[in-house]
Structures are given as structure tokens and as C-alpha cells.
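Work through the exercises below with the sequence and the model open beside you. Each task is followed by a solution that proceeds step by step.

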Amino acid sequence: MTQAELVVVANRLPVDRDDAGGWRTSPGGLVTALEPVMRRTQGAWVGWPGQAELHLEEFDFEGTHLVPVTLSAEDVELYYEGFSNDTIWPLYHDVIAAPRYRREWWNAYVAVNSRFADAAAAAAAPGATVWVQDYQLQLVPKMVRELRPDVTIGYFHHIPFPAYGLFSQLPWRRQVLEGLLGADVIGFQRTGDAGNFARAVHRQLRYETRASGIRIPQDDGSVRIALAKAFPISIDASAYVRMAQRPDIQARARQIRDELGNPEKILLGVDRLDYTKGIRHRMKAFGELLRDDRLSVERATLVQVASPSRERVAAYMQLRDEIELTVGRINGTYDTMEHTAIRYLHQAFPREEMVALYLAADVMLVTALRDGMNLVAKEYIASRLDNRGVLVLSEFTGAADELGSAIRINPHDIEGLKDAIMQAVDMPPAEQGRRMRKLRRRVQEHDVEAWSQAFLAALHDAHRANAS
Ligand code: G6P
């Protein structure tokens, strides 16, 4: 077994096993964000290969050493679909869907977290850095610290951390806070998330929380300090620029426009099919604009990519039904032989196709009801080499803290959303350019490399401070 200086621990490996036994990039923003860091450091990555009952040896993939963790069918049901995605996910996204609290799910979460911690402890070289990712593994920092007191432990939380009034619903709130506090640095997307976490620690555990860190009393009378701070995540912006420059991808963008019947404006939504993303709100607003004759299908088509996600969780099944009913109703009412209102794609696409879509889209709609960051917003910006295009961005995303030049919306306010869509559709090119240039500067200067370096630097400082 090889041991690495940097070990990333995430629920998923960066690649997923597909049904044909091949590998494809895993869904979601987390993997996209960490990929460049891993290429640079030649680290190890501990994670689940995306299918139940898959027993795989460690292997190398594109410069990263992958350490697969096997999940049984029961683990997938109780730990992944249950506690991670039917308890923590809805609770941390401000209970947009009702979280379910089941003791059986919690027990599986503890057991599976402990297996990830064992694998991480085995993969880490002496004095290595172990970097735990996201809400599926909140107990791992403490578990790794118990197994390997020599390593530096970081944790990054990719999703929101809720206000105490909601977090305190969790029957296992103390254990979760203690699990996270096993890390030297606990990173969040927004300052507000870090503040919510610190307040929860103070209320529940009564530890002293200062700007310099949370003071955790140790058995020997000493104090260990854990830093809770915002490190807004980003994308590999230059990779998107390079793709957007490719003549084949630009040609594909023109082809997409043609195939949609050359509407004046293409509106785009790109999301995992998740109830946090506000897809229904977006469709409602768009449908009403058609109904009210403020838009027509000749003038605007909405392309909605909704990639399949967590399909065995009831809330996701119900959402899919609702969205597909809505799409059918709107298209049935407004489509013509030449033009469609909504081109709905319940599929996942390769990154190149996504960039072609970004290039084809005049308006990008990000209407999430709650979102840790939303990297799609940043991908759209990075791809717009011509400094044209308009981003409509929900203020409930982490990205809204950074992207002040987007048109900001409250997705619950359907009238406001309709006006924002019209403002985007009608925006003169000069104003598009003025806004887009500012947005692009931010995304280019603060890319994922800057993010990981800032986090890892803070982690080393924090570890050194505790060691001295
Ligand atoms: C979000 C989460 C990630 C997760 C991804 C895809 O981005 O923050 O941790 O991996 O969604 O979800 P899935 O359940 O398919 O891994």
C-alpha cells in the first residue's frame, strides 16, 4: 500500500463506475473543484466508486492514487440515501424538504464514517495532511484524529451550514459538532455558514469561540484551537477558457442554436435534478411570461439540463414528476412546429457539451432556493470570452456573495424573477459587457487553485500553532 502526503477523503471517488464497467467523472461540483489540486500534488483519494457491492483494489487514475471504499446495498440505502441525503441534505438546505430523523440511518452513518476514517488513516504517510470533504463524512475528522494524532486534518463543507434554530433539530447534533471539531480547520463557503457553525458549537458545547478559532479543552488541561472560516470554492477557470476557445466547441454552440430554430434568445438552466435548485420556480416564471405575452417561443427558448440525481430518494422522485408535468404543460400550450418553449434534458453531459451550451446561452438562470456555492454560475462566466451574456443569480447561493454584478433575484418572488428575466433578455450589449467583465475578473482571479492554496495554507498555519 502506498502512503501519500495529501489524502482527500470524499464520499465519491473522482470517477464513477458506469454500468458497462468503464469510468466516468462523478456528478456534482466537489469533484470538479478538487481535480486540479490532486493533479498537482499526486495525492491519494479515498472514496466510494458510486455503485453498491463493488470490491475494488487501489489503483492509479490520471495521476491520483484512488482508494475505493466498498458500500453494501444496505450502506447505500441507510448511510447515503438515508442519513446523508434524506436527513442532512434537507436539514442543511433550510428544510426546503422535510428531513427525516431515523436512528437506523444514524447508526449506519457512524459505521460508514468509521470505515472511511480507517481507509484514510491507512493511506496517510507520517505527518501527512488529510483533507475530508463534505456532509457525508462529518464524523471522519474526529475519527482520524483518534487513529492518527500525527496528521494534520482539514474539513471542507461544500453545502450550507444552517442557523442554529434549524440545526438544533438534529437528534445527534452534539456528535456531529464534535466530529467536525476533530479538524484543525473547518472550511465553509460563506462567512454566514462559519458563523452558524461557531454559534452551534457555542450553544451546544459551550466552547469559547473567538475570531482566532474555537478553543477546545483537552483532557490534559491544554487547549486545542480549531479554525472555522469561509473559503469560497471556485472552478478551474482557465480550463473553461481553453474549452471556450476551441473551434469545434464554438461550432457546436452555433449548431445548438440552429437546432433550436434560432430563437432570438436562449435561456439556460443547468442543475442536478434537486429540490434545492429552484427549477420549478424558474419554469413557473418562464411559463407566466409566455402566458402574459411578455415573451414568445420565437423570442426565447429555455434549455433546462437536469442531470439525474439520487433517484431512489422519494423527494427526488416526486420532484421529477412535478417538473416533467410542468414541462409537458408549458410545451403543450406554447410550442409551435418550429419552436419549443422548454427543451428539457434529463441527462448528464460531458464538459465540452456544457461549454457549448454556455456559449450558446444569452441568459443563464441560477434560481436556487439554497446552494452552498453553485459552480455552474462560475462556469458560465468563465466561458463567456466575448464578455456577453447575462447571469441571473439567486441571492441564496454562496456565489451571490462574490458575484455582485449579476442580476440578483429572490426565487420565491415570482414577479421579481419575471422582471429579472425580462431585464436579462432586454439588456443592451454595452451593459452586458460592463457586468460580464467584472464577473470574469473575479472568477479568473479567484479560481480553484487560489481556493485550495488558501485552505491548505490556513491548515498548515493552524496545525503549526497547535503544535507549538
Ligand atoms: C453536491 C454535494 C457533493 C455531491 C454532489 C453530487 O455537490 O456537495 O458532495 O457529491 O452534490 O451528489 P451525489 O449524491 O450524486 O454524490
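**Exercise 1.** Is Glu259 buried or exposed, judged by its relative accessible area?

*Solution.* The model is a predicted one, so the value is computed from predicted coordinates. Glu259 has a relative accessible area of 52%, and the cut-off for exposed is over 50%, so Glu259 is exposed. As a next step, look at its partner: the side chains of Glu259 and Arg252 form a salt bridge with an N to O distance of 3.8 Å. Arg252, at 25% relative accessibility, counts as partly exposed.

**Exercise 2.** Find where Glu264 and Arg299 lie, and describe how their side chains meet.

*Solution.* Begin with the contact itself, which is a salt bridge of 3.2 Å, N to O, between the side chains of Glu264 and Arg299. Then place the two residues: Glu264 is in the loop between α9 (247–259) and β13 (265–272), while Arg299 is in the loop between α10 (279–291) and β14, so that the pair links distant parts of the chain, 35 residues apart. Finally, compare their surroundings: Glu264 is exposed, at a relative accessible area of 51%, whereas Arg299 counts as partly exposed at 22%.

**Exercise 3.** Examine helix α2 and determine where it bends.

*Solution.* First consider the length, since a straight helix of 20 residues would span 28 Å, yet α2 (residues 73–92) spans only 25 Å between its end C-alpha atoms. Next, locate the bend, which is about 40° and falls at Gly82. The helix is also mostly covered, with 17 of its 20 residues buried. Just after α2, Asp94 takes a positive phi of about 55°.

**Exercise 4.** Which parts of the chain does the salt bridge between Arg312 and Glu81 tie together?

*Solution.* The side chains of Arg312 and Glu81 meet at 2.8 Å, N to O, in a salt bridge. Because Arg312 sits in the loop between β14 (300–307) and α11 (314–334) and Glu81 sits in helix α2, the pair ties together parts that are 231 residues apart in sequence. The two ends of this bridge can then be classified: Arg312, at 54% relative accessibility, counts as exposed, and Glu81, at 12%, counts as buried.

**Exercise 5.** How many salt bridges does the structure hold, and which residues are linked in a network of them?

*Solution.* The total is 39 salt bridges. The network links Lys284, Glu288, Arg291, Asp292, Glu415 and Lys418. To set this in the whole protein, note that buried residues make up 60% of its 468 residues.

How values were computed. Residues are numbered from 1 along each chain as its sequence is written. This is a predicted model: local features need pLDDT of at least 70, side-chain atom pairs count only at pLDDT 80 or more; totals for chains, interfaces and linings use all residues. Side-chain values use heavy atoms; hydrogens and water are left out. Helices (H or I, at least four residues) and strands (E, at least two) are DSSP runs, numbered from the N terminus. The expected span of a helix is 1.5 Å times one less than its number of residues. The bend at a residue is the angle between axes fitted to the seven residues ending there and the seven starting there. Buried means under 20% relative accessible area, exposed over 50%, partly exposed in between (1.4 Å probe, protein chains only). A salt bridge is a side-chain nitrogen of Lys or Arg within 4 Å of a carboxyl oxygen of Asp or Glu.
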